[in-house]
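Welcome, and please load the structure in your viewer before reading on. We will move from one selection to the next, with a short look at each stop.

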Amino acid sequence: MENGFLFQAIIYLSAAVICVPLAKKVGMGSVLGYLLAGIVIGPYLMGFIGEEGEDIMHFAEFGVVMMLFLIGLELEPSKLWKMRQMITKVGLSQVLVTTLIFFGILYLTGIGWRQSLAISTSLALSSTAITLQSLKEKNQMNTAAGRNSFAVLLMQDIAVIPILAILPLIALAATSEADVGHMSPIAQFPGWLQTLLVFGAVILVVILGRYVMVPMLRLVAKTRLRELFVGGALLVVLGIAFLMEMVGLSPALGTFLGGVILANSQFKHELESDLEPFKGLLLGLFFIAVGASINFGLISENALMVFAITLSVLLIKSLVLFGIGKVNKISLDQNLIFALGLSQVGEFAFVTFSFATELHILNEKTTEILMAVTALSMTFTPLLMLFNERLLLANIGTKNKEEKPHDEMEESNKVILAGFSHYGSTVGRFLRANGIKATILDSDSDRVELLREMGFEVYYGDVTRADLLEMAGAREASILISAIRDPDTNYRLISMVQKHFPHLELMVRAQNRMDAFEFMEMKVPHIYRQNLDSAVRMGKDVLIKLGFRAHTVHRLAQNFIKYDEEGLTELAKVKDDKKAYIKTVKKAIEMQENLLSFELNRRFSLNDHAWDSETIKDGEEKNKE
Amino acid sequence: MKNILVLMAHPKLEHSKVIARLMASINGLENIEITDLYERYPDFNIDVQHEQEMLISADIVILMHPLYWYSAPPLMKQWIDLVLEYNWAYGHKGIYLKGKYLFNAISTGGSIDAYSTKGHHGFPIKEFLLPFKQTARLCNMVYLPPFHIAGTHNITSKKLQQEINDFKALILHLRDNPNYYKLEQLPFLNDFKQ
């Protein structure tokens, strides 16, 4: 088969383009679609891709790495700290109990303890990619099932460190001349130095995140070149992943850490929206690679055994998870999603199995079968979830029950505030003074920096981009405030919001009447001319200083604003008719000039006899006549 | 069917225990219009013309408010000051409210006993409501006895629910049975029983 890069790319992409929409149409998630695409183009069906599948897998694993970085971005350290109990209670018990049970079974069937340990630890881990992707797709991340799944996956990622550390130790015990050199570039150093280097690397990520990455991103943001920022974002992720691989840690865990560190930075939303497409595509590639790597030849030779192992692994894992869910009082329907969702063997097993083979803990045949089991279990997961959704949950009938909101994950803000200049910051401060937290976006990276130093939570980014608004929570928000001065930016923002987020209530700052007309034409319901209120307030004070009574002036001012806005709507109707417009403007100016005296001499006394004894006196006299 | 206009004044409705529920119990009923005065006029700048139009189409006007210092909250007084204009509501040409019915639906922290000659407040509740009664009379309206939920500081939830149910029944009765003679004779509209 042709092996050129373009041809390969075309094969992968067209398989994805055909299979994923098909899968979605039938009601299966995108994960299953990608897996099917992989099976179709894999060596056992159409044979478009063969040996290089494994290389692709390594490359595509980067999608998982990127996903964890993005997840880290959404998890601020304080939120992570709040989750600590769930991570240890649910996550740790899953890893320990599952490992123990598998170890027991394997050991009792007469497999050596080394092999048993290597296999059982690998089988205990679940697939971050499949589980999180499905949960996100079904919007279940914030449910009890989603949060507990996440806690388990996080604990498993942490567990990778000791597992990778233990494997060479068992191997050393097994064969004295084990090839440990493959593990990582630092493996040649003595144990204590390795440990030191591992800790050093983690600390380095934290320090880099704080003092190198943020300033670098700021520098890049200043160039206002979007592609350069995307490059910077990729550089951050690749850099961390590389560092972690150097010291033999899971790159996914490392980038997750990096993400958490950057979660508090102003670039959070911009990073998210820039990396999202890369993540999606790479994850898709990863699933395709998993699909393609299923060794159907081996499976057909040992069909019974492979399927029996796969099913029992799925069964044992979901039973353990279900039990843990039960102990932690997760409701039945949530528990089913939780237990079945995490029942597969994770992508990490591919790594540990081949690692264990290199270390001569496992022989080739065992590894092949275990890899087939892993890939099969991953393929079964979306099917299991589909089965759960259609048959189990539908019959339990608690699916639609309202989830009680938990404290662990913060709900997203109801208000998004775009533009944090003097105007915007005043709006923001007033809202904050009353306990309303808005998600604040600004496109000036210097100002964002300064405001963050002052303790405001402001994010950098171009608000006229739909993907950025999406990351900032536009789907969950109900109001979008635009405190942006520039009318063109406002214009673009309004048309984008009306197109992509029609549910958002728009409240827009206008510089003057002309802007207000534009926005009125776009059917923006709430327009705020920036100078109107303070100008009228100043006028009021002048009148008061000249001897008018304050309360009377207050009422006059309010009516003035009311009439002014009514006049504006009239003007907006004739805006495009130049002649009529000029006439109306003239009329409006006249009207405005007359307004105060009109108010004072006619309208006010005509319509408002409040506290006015003169009219009563006049009236009584007329009655007598 | 009669039209009922409820003018509700509570400066901090979000902390209200009685008035808010009283209002909620009749919210959305057919032919019943509720004006939440503090929500509509946060700056006390009452739209006189609009309020007068609302009054014209109403047959029964209810002033719903907690009793503060033996009177209504200030925006209710502002409403009376501004809307009930000379030669509109009263005076020679002030004929627009003639024959309509008016009453107060009030809540008080003090009990019925506190509002008696021997009680803490020294006078029965009806004497404190005298200004409203005379306001109605000046506008040629018929003033009905008040609906009064007393002792709201210590009211049991069961008793409160009972009062609210009674109020809703009263409103429906007023709307659907336009013979109010019996009601006029009652000491309180709370004593209304179909």
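How many residues does the contact take from chain A and from chain B? Select both chains of this predicted model and look between them: chain A brings 16 residues to the contact and chain B brings 12 residues.

**Stop 1: between the chains**

Keep both chains on screen. Chain A and chain B bury about 1,100 Å² between them, and 43% of that area is on carbon and sulfur atoms. If you search for salt bridges between chain A and chain B, the count is 0. Polar contacts do turn up there, with 4 residue pairs between chain A and chain B, both residues at pLDDT 80 or more.

Now colour helix H24 (550-573) and helix H26 (613-624) of chain A, each of which supplies at least two residues of the side of chain A that touches chain B. Which helix gives the most to that side? H24(A) does, with 6 residues. Colour the side of chain A that touches chain B by class, and you will find 3 nonpolar, 9 polar and 4 charged residues.

**Stop 2: the sheet in chain A**

Next, hide chain B and show the strands of chain A as a cartoon. Here 6 strands form an open sheet in the order S3-S2-S1-S4-S5-S6, with parallel pairing. Why is one side of S3 and of S6 left without a neighbour in the sheet? Strand S3 (458-460) and strand S6 (526-529) of chain A stand at the edges and each has a single partner strand, so one side of each has no neighbour in the sheet. Going from one strand to the next, the twist averages 20°.

Begin at the S3 edge. Strand S2 (residues 438-442) of chain A pairs with S3(A) in the parallel sense over 3 bridges; pick A:Leu441 to see A:Tyr459 of S3(A) opposite. Add helix H19 (residues 445-453) of chain A, which lies across S2 and S3 of chain A and runs at about 155° to S3(A).

Then select strand S1 (residues 415-418) and strand S4 (residues 479-482) of chain A, a parallel pair with 4 bridges. A:Leu417 stands opposite A:Ile481 in S4(A). S4(A) also pairs in the parallel sense with strand S5 (residues 505-510) of chain A, over 4 bridges. Along S5(A), look for A:Leu506, the bridge partner of A:Leu480.

**Stop 3: a salt bridge in a helix**

The structure holds 10 salt bridges over all chains. To see one of them, show the side chains of A:Glu276 and A:Lys279, which meet in a salt bridge at 3.1 Å, N to O. Where do the two residues sit along the chain? A:Glu276 and A:Lys279 are 3 residues apart in helix H12 (residues 268-293) of chain A, which means that about one helical turn separates them.

Notes
Residues are numbered from 1 along each chain as its sequence is written. Chains are lettered from A and ligands numbered from 1 in the order in which they are written. This is a predicted model: local features need pLDDT of at least 70, side-chain atom pairs count only at pLDDT 80 or more; totals for chains, interfaces and linings use all residues. Side-chain values use heavy atoms; hydrogens and water are left out. Two strands pair if DSSP finds at least two bridges between them. Axes are lines fitted to C-alpha atoms, for helices over the stretch in contact, and angles run from 0 to 180 degrees between N-to-C directions. Contact means heavy atoms within 4.5 Å. Buried area is the accessible area (1.4 Å probe) that two parts lose on being put together, summed over both. A salt bridge is a side-chain nitrogen of Lys or Arg within 4 Å of a carboxyl oxygen of Asp or Glu. A polar contact is a pair of N or O atoms within 3.5 Å; within protein, one must be able to donate a hydrogen and the other to accept it, and residues adjacent in sequence count only if both atoms are side-chain atoms. Ala, Val, Leu, Ile, Met, Phe, Trp, Tyr, Cys and Pro count as nonpolar, Asp, Glu, Lys and Arg as charged, and the others, Gly among them, as polar.
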